[in-house]
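Please explain how the residues of this protein chain are placed and which partners their side chains meet. The account should proceed from one region to the next.

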Amino acid sequence: AMKQNGRALRFASEEFQNDHEVVMEAVKQDGRALQYASKKVRLEMAEYWANAIEQLTKNDSGVVKGDEE
């Protein structure tokens, strides 16, 4: 159901709202579905993206790895 209508997560069980894979499928279909994920999953995803962005900005030298001359 999440692949067809991401916001169906709103009516899903707590188990599904806590499941990263289910939440990701719902969010891929409709980004607004994230609001129906459990607080735990939302916080974990926010932490993941914050870390990813931090790493990108630390490593951003303007050169793509493997393209150094």
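In what follows, two residues are in contact when heavy atoms of theirs lie within 4.5 Å. The model under discussion is a predicted one.

With that definition in hand, Gln17 offers a suitable point of entry. Gln17 belongs to helix α1, which covers residues 14–17. Its relative accessibility is 15%; because buried means under 20% relative accessible area, Gln17 counts as buried. When neighbours within four places in sequence are set aside, Gln17 is in contact with Leu9, Arg10, Ala12, Val23, Tyr36, Ala37, Ser38 and Val41. Backbone oxygens are also found by the side chain of Gln17. A polar atom of that side chain lies 2.9 Å from the backbone oxygen of Leu9, and a polar atom of the Gln17 side chain lies 3.4 Å from the backbone oxygen of Ala12. Leu9 and Ala12 thus appear both in the contact list of Gln17 and in these pairings with its side chain.

The segment before α1 comes next. Asn5 is located in this segment and is partly exposed, its relative accessible area being 41%. Asn5 and Val27 are 22 residues apart along the chain, and their C-alpha atoms are separated by 9.4 Å. A sequence separation of 22 residues also applies to Lys3 and Glu25, whose C-alpha atoms are 5.9 Å apart.

Glu25 leads into helix α2, which comprises residues 20–29. With a relative accessible area of 28%, Glu25 is partly exposed. Apart from neighbours within four places in sequence, Glu25 is in contact with Met2 and Lys3. Which residue forms a salt bridge with Glu25? The partner is Lys28, and the closest N and O atoms of the two are 3.6 Å apart. Lys28 and Glu25 are separated by about one helical turn, because they stand 3 residues apart in helix α2. Lys28 is exposed, with 62% relative accessibility, whereas Glu25 is partly exposed at 28%.

This pairing can be set in a general context. Side chains of opposite charge can pair when their charged atoms come close. In the present model, the number of salt bridges is 5.

Another of these bridges involves the loop between α2 and α3, where Asp30 is placed. The side chain of Asp30 meets that of Arg32 in a salt bridge, with an N to O distance of 3.1 Å. Is Asp30 buried or exposed? Its relative accessible area is 12%, so Asp30 is buried. Arg32, by contrast, counts as partly exposed, at 48% relative accessibility. The side chain of Asp30 is also placed by the backbone of Arg32: the backbone nitrogen of Arg32 lies 2.9 Å from a polar atom of the Asp30 side chain. Beyond neighbours within four places in sequence, Asp30 is in contact with Gly6 and Arg7.

Helix α3 extends over residues 39–59 and contains a further salt bridge. Lys40 and Glu44 both lie in this helix, 4 residues apart, which is about one turn. Their side chains meet in a salt bridge with an N to O distance of 4.0 Å. Lys40 is exposed, with a relative accessible area of 53%, while Glu44 is partly exposed at 31%. As for bridges with shared partners, Arg7, Asp30 and Arg32 are joined by them into one network.

Trp49 is also situated in helix α3. How many aromatic pairs does the model hold? The count is 1 aromatic pair. The pair consists of Tyr48 and Trp49, and it is edge-to-face because the ring centres are 5.1 Å apart and the ring planes stand at 80°; planes over 60 degrees apart count as edge-to-face. Tyr48 is exposed, with a relative accessibility of 53%. Tyr48 and Trp49 also belong, together with Ile53, to a nonpolar patch on the surface. The accessible area of Tyr48, Trp49 and Ile53 together is about 380 Å².

Note on methods. Residues are numbered from 1 along each chain as its sequence is written. This is a predicted model: local features need pLDDT of at least 70, side-chain atom pairs count only at pLDDT 80 or more; totals for chains, interfaces and linings use all residues. Side-chain values use heavy atoms; hydrogens and water are left out. Patches are made of residues with over 30% relative accessible area and no salt bridge: like charges are joined within 9 Å, nonpolar side chains (Val, Leu, Ile, Met, Phe, Trp, Tyr) within 5 Å. Accessible areas come from the Shrake-Rupley method with a 1.4 Å probe; for residues, only the protein chains shown count as cover. Helices (H or I, at least four residues) and strands (E, at least two) are DSSP runs, numbered from the N terminus. Rings of Phe, Tyr and Trp (its six-membered ring) pair if their centres lie within 6.5 Å; planes under 30 degrees apart count as stacked, over 60 as edge-to-face and the rest as tilted. Buried means under 20% relative accessible area, exposed over 50%, partly exposed in between (1.4 Å probe, protein chains only). A polar contact is a pair of N or O atoms within 3.5 Å; within protein, one must be able to donate a hydrogen and the other to accept it, and residues adjacent in sequence count only if both atoms are side-chain atoms.
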